[in-house]
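User: I would like a close look at one part of this model, namely the place where the protein chains meet. Please treat it as one connected account and extend it to the neighbouring DNA where that helps.

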Number of protein chains: 2
Amino acid sequence: MAETRWLDEREMAAWQGFLEATSRVSRHLEQQLKEDAGLSHPQYEILVRLSGTPDGEVRMTDLAEGLVTSKSNLTYQVGQLEKRGLVRRRSCPTDVRGVLAALTDEGRDVLRAAAPGHVAAVREALIDVLERDEIDVLARALGRVGARLRPPRQGTGSADSGGSGTSSS
Amino acid sequence: MAETRWLDEREMAAWQGFLEATSRVSRHLEQQLKEDAGLSHPQYEILVRLSGTPDGEVRMTDLAEGLVTSKSNLTYQVGQLEKRGLVRRRSCPTDVRGVLAALTDEGRDVLRAAAPGHVAAVREALIDVLERDEIDVLARALGRVGARLRPPRQGTGSADSGGSGTSSS
DNA sequence: ACAAGGAGGTTTGAATTTGAACAACACGTA
DNA sequence: TACGTGTTGTTCAAATTCAAACCTCCTTGT
């Protein structure tokens, strides 16, 4: 193996900063979310993703692809949400084996109630700490990092994955 | 409460990019580290922190402060490391109740063997994906973010809690 | 139509992680 | 010196997370 290319000072600073910011922000938000709405962060993300579709329904597979957790964990989380009545399972009409996670009215309510606090926490922990330029750079750079590490989908063909398709309305 | 200041498009992009990059990088490194050296990421960090001191010894409290995990988890992780002979527990000479985690020769060996692969993975997942400018911005911005979130406990001395920090342009 | 192969979710068993309760000790004060 | 308070690290029960095994069903080739 060739000699290891160790990190120079600024690379080290970036890496450690990334690590610490990552951990602290994650923990901070998780606590805030749990106190505010009794939801874990994955659960909140599931609700957000469901509310992002016109029907409030998403297939488990698509949900697992968007989130970073494993399939089994998704099953667990949806189970927890269903236990609280925030989500309901339905069979996919086109695929019998497919399962749709559907947001209930109560779930939409809980999400609506939790969102302001969450956004405020995100601002306080990350967004409002950054300058405008930094926000842009973060979005572009980290977007690239995340996309590059996305599980290799079959049939993608081109190694190009620069699509900036993060559209949320 | 005043109206919620929702995230605009670029803030949203930064936040989602941060979230996804965070999760994927974390997961990627954890897997790489576990396959390469049989260490979890927290364990690796513990070894790194121990090797960073001249004696290879750090008090549990200081260790817990540097890492982001809880005290109980630190006890567990050090226990795992001790079980493999990579770390040894010693009583602190000045404080009877204090415990020093000491890096063994074998632990130093394992760390030395694991470091190159880890650095390579960090490069592949994050550093080498970024431009020079982006690395600098990341280091500065995320360093600030992490530092700002550092004391999740009672403040030392200054009772300041956000009075002057919120800069709105 | 029927068997082989693959995809979609769930279940299982283990490992990790957390918060709270606990025992032992240091420090300060009367 | 004796007492109350805060610290230090561990233990405990419970929740979360993961990878691998599993079952059901779709799709394809013959």
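Through which surface do the copies meet, and what share of the interface residues of chain B are also interface residues in chain A?

Analyst: The model is a predicted one, and every value below is computed from its atoms. The copies meet through the same surface, because 93% of the interface residues of chain B are also interface residues in chain A.

The superposition of the chains gives the geometry behind this. Chain B is brought onto chain A by a rotation of 179 degrees with 0.1 Å of shift along the axis, and the RMSD is 0.2 Å. The two copies are therefore related as by a two-fold rotation axis. In chain B, the C-alpha nearest that axis belongs to Thr22(B), at 3.1 Å from it.

A description of the chain itself is useful before the pairs are examined. Chain A contains six helices and three strands, and from the N terminus on its elements follow the order α-α-β-α-α-β-β-α-α. Of the 169 residues in chain A, 40% are buried. When contacts in chain A between residues at least 6 apart in sequence are considered, 52% of them join residues at least 24 apart.

Salt bridges number 18 over all chains, and several of them join the two copies. One such pair is Glu20(A) with Arg150(B), whose closest N and O atoms are 2.9 Å apart. This pair joins two chains, because Glu20(A) lies in helix α1 (residues 9-37) of chain A while Arg150(B) lies in the segment after α6 (132-148) of chain B. Arg150(B) is partly exposed, with a relative accessible area of 41%.

A second pair is formed by the side chains of Arg144(A) and Glu134(B), with an N to O distance of 2.6 Å. Here Arg144(A) lies in helix α6 (residues 132-148) of chain A and Glu134(B) in helix α6 of chain B, so this pair also joins two chains. The partners fall into separate burial classes: Arg144(A) is partly exposed at a relative accessible area of 28%, whereas Glu134(B) is buried at 4%. In addition, a network of salt bridges links Glu11(A), Arg123(B) and Asp128(B).

The corresponding residue of chain A, Glu134(A), merits attention as well. Glu134(A) lies in helix α6 of chain A, and its relative accessibility of 4% counts as buried. Apart from neighbours within four places in sequence, Glu134(A) is in contact with Val129(A) and with four residues of chain B, namely Val137(B), Arg140(B), Ala141(B) and Arg144(B). Within chain A, a polar side-chain atom of Glu134(A) lies 2.9 Å from the backbone nitrogen of Glu131(A).

For contrast, one salt bridge within a single chain may be set beside these. Arg90(A) pairs with Glu57(A), and their closest N and O atoms are 2.4 Å apart. The pair links distant parts of the chain, with Arg90(A) in strand β2 (residues 87-91) and Glu57(A) in strand β1 (residues 57-59), 33 residues apart. Arg90(A) is partly exposed, its relative accessible area being 43%.

The account can now be extended to DNA strand D, where residues of both chains take part. Of the 21 residues around the strand, those that come nearest are Tyr76(A), Gln77(A), Arg27(B), Thr61(B) and Arg97(B). At least two residues of the surface near DNA strand D come from each of α4 (71-83) of chain A and α1 (9-37), α3 (60-66) and α4 (71-83) of chain B. The element that gives the most is α4(A), with five residues. By class, this surface has five nonpolar, eleven polar and five charged residues.

On the DNA side, 69% of the atoms of DNA strand D within 4 Å of the protein belong to sugar or phosphate, and the rest belong to bases. Phosphate oxygens of the strand have polar partners in each chain. In chain A, a polar side-chain atom of Tyr76(A) lies 2.5 Å from a phosphate oxygen, and an N or O atom in the side chain of Gln80(A) is 3.4 Å from a phosphate oxygen. In chain B, an N or O atom in the side chain of Thr75(B) is 2.8 Å from a phosphate oxygen of DNA strand D.

Notes
Residues numbered from 1 in each chain as written. Chains lettered and ligands numbered in written order. Predicted model: local features only at pLDDT ≥ 70, side-chain atom pairs only at ≥ 80, totals over all residues. Heavy atoms only, no water. Salt bridge = Lys/Arg side-chain N within 4 Å of Asp/Glu carboxyl O. Helix = DSSP H or I, 4+ residues; strand = E, 2+ residues; numbered from the N terminus. Buried < 20%, exposed > 50% of the residue type's maximum accessible area, 1.4 Å probe, protein only. Least-squares fit on C-alpha atoms with pLDDT ≥ 70 in both. Contact = heavy atoms within 4.5 Å. Near = heavy atom within 4 Å. Polar contact = N/O pair within 3.5 Å; in protein donor to acceptor, adjacent residues only side chain to side chain. Nonpolar A, V, L, I, M, F, W, Y, C, P; charged D, E, K, R; others polar.
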